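Me: I am new to this structure. Please show me how to read its features, one at a time.

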Amino acid sequence: MTPALDLAGIFVFALSGALQGVRKRLDVVGMAVLAFFTAVGGGITRDLFIGVQPAAFRDTWYLLVPIAATAIAFFWHPQVERAMPGVLVFDAAGLGLFCAVGTAKALAYGLSPLHAVLLGVCTAVGGGVLRDVLSGEMPTLLYDRQLYAVPAMLGSTAMAVLYAMDIRGFAATLSSAVLAFALRILAMRYGWRAPLARGVGGPA
């Protein structure tokens, strides 16, 4: 993924974290913490599992972009909330890019395809889980039933398959990211949900 696309995904995820801080009535420091870990938490977790220094600790932009997102949410959160449908489209794009790149990085470091897929999903959704835990919420990944992790898993799987076929680089990343992005957009458009066990209702 190019640095520009990487930072764009980080910005959108950071914005969702900062907005969560607004809803929880956190101060600007709490908002910045949520923004940072929402944006780069999945990538940090992936890199720690791989055994390399997280990219977020090597590049200043990984810190500056969440700070910028925090400032925007702090001063203009009503306007950002009204623009959320558009933001969710970019969030879906970030999901697709991060799952593909996370899987590719894990494969490049010698992990098995299965483990690489798991880390690709972790890269895509890990920040959101950290956001919810830090803000005192049950992770929406566990109960909301929206198809969020499923598109990331399919995108990561596609990346692993293409890698095994020796199709790598931009073409593989774009194809896998578009698959995850398209499925996420369709899930939002048509309200697709993951099934519950029989006889179980929705969350209280």
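Reply: Start with the surface. To build a nonpolar patch, take residues with over 30% relative accessible area and no salt bridge, then join nonpolar side chains within 5 Å. Keep in mind that this is a predicted model.

Me: Which residues make the nonpolar surface patch here?

Reply: Val28, Val29, Val33, Phe37, Phe74, Phe75, Trp76, Leu130 and Leu134 make it. The patch covers about 830 Å².

Me: Which helices supply at least two residues each of the nonpolar patch?

Reply: Three names to look for: α2 (28-50), α3 and α5 (113-134). The largest share comes from α2, with four residues.

Me: Let me take one member. Where is Phe74 found?

Reply: Phe74 sits in helix α3. Its relative accessible area is 41%, so Phe74 is partly exposed.

Me: Now charges. What is the general idea of a salt bridge?

Reply: Side chains of opposite charge can pair when their charged atoms come close. The cut-off used is 4 Å, from a side-chain nitrogen of Lys or Arg to a carboxyl oxygen of Asp or Glu.

Me: How many salt bridges does the structure hold?

Reply: The structure holds six. Take Glu81 and Arg23 as one of them: their closest N and O atoms are 3.3 Å apart.

Me: Why does the pair of Glu81 and Arg23 tie together parts that are apart in sequence?

Reply: Look at the helices. Glu81 belongs to helix α3 (residues 61-82) and Arg23 to helix α1 (residues 3-23), so the salt bridge links parts 58 residues apart in sequence. Glu81 has 29% relative accessibility and counts as partly exposed. Arg23, at 46%, also counts as partly exposed.

Me: What about Asp166 and Arg168?

Reply: Their side chains meet in a salt bridge too, at 3.5 Å from N to O. Asp166 is exposed, with a relative accessible area of 57%. Arg168 is partly exposed, at 43% relative accessibility.

Me: Which residues do shared partners join into one network?

Reply: Arg46, Asp47 and Lys105 form one network, through salt bridges that share partners. Within that network, the side chains of Arg46 and Asp47 meet at 2.9 Å, N to O.

Me: Are Arg46 and Asp47 buried or exposed?

Reply: Arg46 is buried, and Asp47 is buried as well. To read that word, use the cut-off: buried means under 20% relative accessible area.

Me: Next, cysteines. How many disulfides does the count come to?

Reply: Apply the rule first. A disulfide needs two cysteine sulfur atoms within 2.5 Å. By this rule the count is zero.

Me: Why do Cys99 and Cys122 not bond?

Reply: Check the distance. The cysteine sulfur closest to that of Cys99 is in Cys122, and it lies 12 Å away, so it is too far for a bond. From the other side, the closest cysteine sulfur to that of Cys122 is the one in Cys99.

Me: Are these two cysteines, Cys99 and Cys122, buried or exposed?

Reply: Cys99 is buried, with a relative accessible area of 0%. Cys122 is buried too, at 19%.

Me: One last feature. How do I compare sequence and space for Ser175 and Gly96?

Reply: Read two numbers together. Ser175 and Gly96 are 79 residues apart in sequence, and their C-alpha atoms are 9.5 Å apart in space.

Me: Where is the place of Ser175?

Reply: Ser175 lies in helix α8 (residues 170-190). At 44% relative accessibility, Ser175 is partly exposed.

How values were computed:
Residues are numbered from 1 along each chain as its sequence is written. This is a predicted model: local features need pLDDT of at least 70, side-chain atom pairs count only at pLDDT 80 or more; totals for chains, interfaces and linings use all residues. Side-chain values use heavy atoms; hydrogens and water are left out. Buried means under 20% relative accessible area, exposed over 50%, partly exposed in between (1.4 Å probe, protein chains only). Patches are made of residues with over 30% relative accessible area and no salt bridge: like charges are joined within 9 Å, nonpolar side chains (Val, Leu, Ile, Met, Phe, Trp, Tyr) within 5 Å. Accessible areas come from the Shrake-Rupley method with a 1.4 Å probe; for residues, only the protein chains shown count as cover.
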